[in-house]
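Reader: I am new to protein structures. Could you take me through one, step by step?

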Amino acid sequence: IGRLMFELPEEMGLIAIAVRQTQGKGRGGNVWLSPVGCALSTLHITIPLHSNLGQRIPFIQHLVSLAVVESVRSIPGYKDIDLRVKWPNDIYYSDLMKLGGVLVNSTLIETTFHILIGFGFNVNNSNPTICINDLITKLNKEEGTKLKPLSADCLIARTVTVLEKLIDIFQEKGPNGVLPRYYKYWVHSGKQVHLHSEEGPIAWIVGIDDYGFLQVHEEGKGVVSVHPDGNSFDMLRNLIVPK
């Protein structure tokens with residue numbers, strides 16, 4: 001898909017969908033395990049450099065994560081499926097378990113960003129963590145509902161449709177057009193963290209800035225932004241530390 005994207009007319013979209021991946025990649029060179037039952041795809045989009053999103057490219061991973069969550073939670077009856085976004089690029093069950101992720105690569109050619117968006121999330125595979133249909137079964141048992149399981153194909157299509165709408169809103173209104181929707185589903189509201197080490201200064205997560213970087217409020221020092229390429233935010237250890 002990387003070679004193909006430069007040979008297609010600009011107005012033509014391109015998406016590759018895999019039933020199984022053998023060489024899935026995550027951020028920082030991590031391996032992404034991809035058993036059958038995952039929704040796996042790579043999407044090519046173009047974004048003008050001189051546009052709201054073109055000036056804030058890191059936001060794309062947040063829009064994709066949000067689109068995955070909304071692809072499920074915007075279906076009538078499915079709003080209580082506890083899918084959430086974790087900064088910068090993960091999809092979580094509550095704040096407990098990862099079930100998907102997003103990887104974005106961008107290439108600037110003249111005044112156009114060519115963006116390759118890879119996303120994968122567990123739909124019908126209970127291993128290696130948990131999947132969306134497990135959450136549907138859980139809700140049905142707890143609430144007496146009769147929600148049907150969802151398919152990977154359906155959710156990939158819905159994700160792309162939601163993403164297109166989110167990009168349009170962002171291009172028209174900027175970050176504030178989408179941030180209320182993002183915060184509705186993110187796992188970090190009001191969470192306390194330590195900076196640099198387990199004994200480091202206390203800070204509170206307050207949001208993300210206009211460029212998509214995490215904002216934390218350090219006691220007595222005000223709000224600072226944390227960049228994902230220079231820091232590792234580990235929810236399990238509750239730290240923000242330099243890599």
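Below, short questions meet short answers.

Reader: What kind of model is this, and how are residues numbered?

Author: This is a predicted model, where local features need pLDDT of at least 70, side-chain atom pairs count only at pLDDT 80 or more, and totals for chains, interfaces and linings use all residues. Side-chain values use heavy atoms, with hydrogens and water left out, and residues are numbered from 1 along each chain as its sequence is written.

Reader: How many helices and strands does the chain have?

Author: Helices (H or I, at least four residues) and strands (E, at least two) are DSSP runs, numbered from the N terminus. By that rule the chain has 4 helices and 12 strands.

Reader: What percentage of the residues count as buried?

Author: Buried means under 20% relative accessible area, exposed means over 50%, and partly exposed is in between (1.4 Å probe, protein chains only). The chain has 243 residues. The buried share of them is 47%.

Reader: What share of the exposed area comes from carbon and sulfur atoms?

Author: Accessible areas come from the Shrake-Rupley method with a 1.4 Å probe; for residues, only the protein chains shown count as cover. The chain exposes about 12400 Å². Carbon and sulfur atoms supply 52%.

Reader: Which helix gives the largest share of the largest nonpolar core?

Author: A nonpolar core is a set of buried Ala, Val, Leu, Ile, Met, Phe, Trp, Tyr and Cys residues joined through side-chain atoms within 4.5 Å. The largest one here has 60 residues, and I47, I81, L83, I117, F119 and I132 have the most contacts inside it. The largest share, 9 residues, comes from residues 59–73, helix α1.

Reader: Why does this core lie between two domains?

Author: Domain bounds come from an automatic or database domain assignment. The core lies between the domains because both give residues to it: domain 1 (4–184) and domain 2 (191–242).

Reader: Which residues does L83 touch?

Author: Contact means heavy atoms within 4.5 Å. L83 is among the core residues with the most contacts. Leaving out residues up to four places away in sequence, L83 touches V69, V72, R73, I91, Y92, L99, I132, L135 and Y185.

Reader: Is Q61 buried or exposed?

Author: Q61 sits in helix α1. Beyond neighbours within four places in sequence, Q61 contacts P88, N89, V102 and V104. Its relative accessibility is 13%, so Q61 counts as buried.

Reader: Which side chain makes a polar contact with the side chain of H114?

Author: A polar contact is a pair of N or O atoms within 3.5 Å; within protein, one must be able to donate a hydrogen and the other to accept it, and residues adjacent in sequence count only if both atoms are side-chain atoms. H114 lies in strand β6 (residues 112–122) and is buried, at 10% relative accessible area. At 3.2 Å, its side-chain partner is H44.

Reader: What is the C-alpha to C-alpha distance between L116 and S106?

Author: L116 is also placed in strand β6. With a relative accessible area of 14%, L116 is buried. L116 and S106 are 10 residues apart in sequence, and their C-alpha distance is 6.3 Å.

Reader: How many salt bridges does the structure hold?

Author: A salt bridge is a side-chain nitrogen of Lys or Arg within 4 Å of a carboxyl oxygen of Asp or Glu. R73, D82 and R84 are linked in a network of them. The structure holds 8.

Reader: Which residue forms a salt bridge with D90?

Author: The N to O distance in this pair is 3.4 Å. Both D90 and its partner K86 are buried. The partner of D90 is thus named: K86.

Reader: Which residue forms a salt bridge with D95?

Author: D95 lies in the loop between β4 and β5 and is partly exposed, at 32% relative accessible area. Its partner is partly exposed too, at 27%. The closest N and O atoms are 3.1 Å apart, and the partner is K191.

Reader: Where do E142 and K138 both lie?

Author: The side chains of E142 and K138 meet in a salt bridge, 3.0 Å from N to O. They are 4 residues apart, about one turn of the helix. Both lie in residues 132–143, helix α2.
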